Amino acid sequence: MPDDDDRARARHLDTERAALGGVGAEQIAEPATHGHGDELAAPAPYDVWSRVPSIDGSVAALGEATYYDRPVIKEPVWIWTVPAYFHTGGAAGAAAVLGAVAQLRGGLDGLVGRCRWIATGGSALGTVFLIADLGRPVRFLNMLRVLRPTSPMSVGSWLLAAMSGAATVSAVGRGRGGAAGALARFAGLGGGVLGGPLAGYTGVLLSNTAVPAWQGARRALPLLFAGSSVVAAASLLELLDLDDHEQAVVRGFHTAGALWELAAGAAVEREVGRVERAARPYHEGASGALWTAAKAATAASLLVSLLPGGGRARRALSGLLGTLGSLALRFAVFQAGRVSSRDPRATFQQQRAGRGAAEVTATPAVTGPGRRALAG
């Protein structure tokens, strides 16, 4: 009996070209579970229709009609390493910015060194997390073949690669004299320039998708991620040994970042809340619990940081709370997007409200029963 390869050769088929080798080719889906209220479980496959479906006329009249309650968009296939990368890469970028500012200010050599090593370690670990999601290292290298300014993913990949290199050079060459020391100082300033965009670009990446919970906050989400990155970097620094002058600088950095994050979080809720259905994942289920925990941890870290005295225990507690808050925030937004992508009503309501592409074209992408799309 001929095998599959023999049949392919007889039909002049190239089996290698048919191999599934894309970004998600080696990702393993979670086993489907059917527990009550389990939003994080992988969705069970739909049964094949055995009869022609119908639409409830009363629902359609209210403008709630969907395509038979089937999801309109695909759920993100990212694994947990992606929000982990958001955290570590953001902390690295914010640390690089603080290190460059401290370098220009002078008299903060210890803080500069710690910021450079956090930037180096964070960018390296972030690269590992990103490659773990991609499946193979070569896929990350393939993302660097071209630079597309219109693609947040392409720009972000180049930012990560460039910042990682600059941070490594600045950390390894610190304290050296001559050309090596000058190169390290120049790399430290370059890392600071690249670190700012790296700290917030992941928010741009998420808001550039069709997921309602992300797209609905496309203006505020990048600001939220940038503020959370500042908190993440400051929290790590508070866990390290610093002199009194350096502690004061880090405390001010932490305070500014925490206030920034809390304000941006409120802006995200307000912006995405324009479409109530799109905002639900931030208030319900596991993603809502993570979102609330993130706000509480960040607020608590701010209060502890502002307490009088500079005891090590106080700084350690503040740093731990800030780190937990930043991590919880990234995972909350990530899970909110997963839940939102499964909700067809959120997608349809977002479009009918004139959000997304309709904000650019002035033409609703989806109209309700009995309505007409208004040309711009």
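## Getting started

Let's begin with a handy word: a residue is buried when its relative accessible area is under 20%, exposed when that area is over 50%, and partly exposed in between, using a 1.4 Å probe and protein chains only. A353 has 47% relative accessibility, so A353 counts as partly exposed.

Before going on, keep in mind that this is a predicted model, where local features need pLDDT of at least 70, side-chain atom pairs count only at pLDDT 80 or more, and totals for chains, interfaces and linings use all residues. Residues are numbered from 1 along each chain as its sequence is written, and side-chain values use heavy atoms, with hydrogens and water left out.

## The whole protein

What is the protein built from? There are 15 helices and zero strands. Both are DSSP runs numbered from the N terminus: helices are H or I with at least four residues, and strands are E with at least two.

The protein has 376 residues, and buried ones make up 46% of them. About 19000 Å² is exposed, with carbon and sulfur atoms supplying 63% of that area; the areas come from the Shrake-Rupley method with a 1.4 Å probe, and for residues only the protein chains shown count as cover. Now for contacts, meaning heavy atoms within 4.5 Å. Take the contacts with a separation of 6 or more: residues 24 or more positions apart account for 72% of them.

## Rings in a cluster

Time for some aromatic rings. A pair of them is described by the distance of the centres and the angle of the planes. Rings of Phe, Tyr and Trp (its six-membered ring) pair if their centres lie within 6.5 Å; planes under 30 degrees apart count as stacked, over 60 as edge-to-face, and the rest as tilted. The structure holds six aromatic pairs. One of them joins Y85 and F86, with ring centres 6.0 Å apart and planes at 55°, so this pair is tilted. Y85 and F86 are both buried. F86 also pairs with F225: the centres are 5.9 Å apart and the planes are at 55°, so that pair is tilted too. The F86 and F225 pair links distant parts of the chain, since F86 is in helix α3 (residues 81-105) and F225 is in helix α9 (residues 221-238), 139 residues apart.

How buried are F86 and F225? F86 has a relative accessible area of 2%, and F225 is at 0%. Ring pairs link W78, Y85, F86, W214 and F225 into a cluster. F225 has a charged partner as well: the charged end of R330 sits over its ring, 4.7 Å from the centre. That label applies when NZ of Lys or CZ of Arg is within 6 Å of the ring centre and within 35 degrees of the ring normal.

## Two helices crossing

Which helix crosses α3? The axes of α3 and helix α7 (residues 178-207) come within 7 Å and cross at roughly 145°. Here, axes are lines fitted to C-alpha atoms, for helices over the stretch in contact, and angles run from 0 to 180 degrees between N-to-C directions.

On the α3 side, the residues that meet α7 include Y85, F86, G89, G90 and G93. Their partners in α7 include G188, G191, G192, G195 and G196.

## A few spots to look up

A353, the residue from the start, is found in the loop between α14 (344-352) and α15 (358-361). Its C-alpha atom is 7.2 Å from that of V275, 78 residues apart along the chain. A293 lies in helix α12 (residues 285-305) and is partly exposed, with a relative accessible area of 38%.

G216 is in the loop between α8 (212-215) and α9, and is buried at a relative accessible area of 1%. Leaving aside neighbours within four places in sequence, G216 is in contact with V211, E271, V272, Q350 and R355. R314, meanwhile, lies in helix α13 (residues 312-341) and counts as buried at 11% relative accessibility. Which residues does R314 touch, leaving aside its neighbours within four places in sequence? R314 is in contact with R251, V304, S305, L307, P308 and G309.
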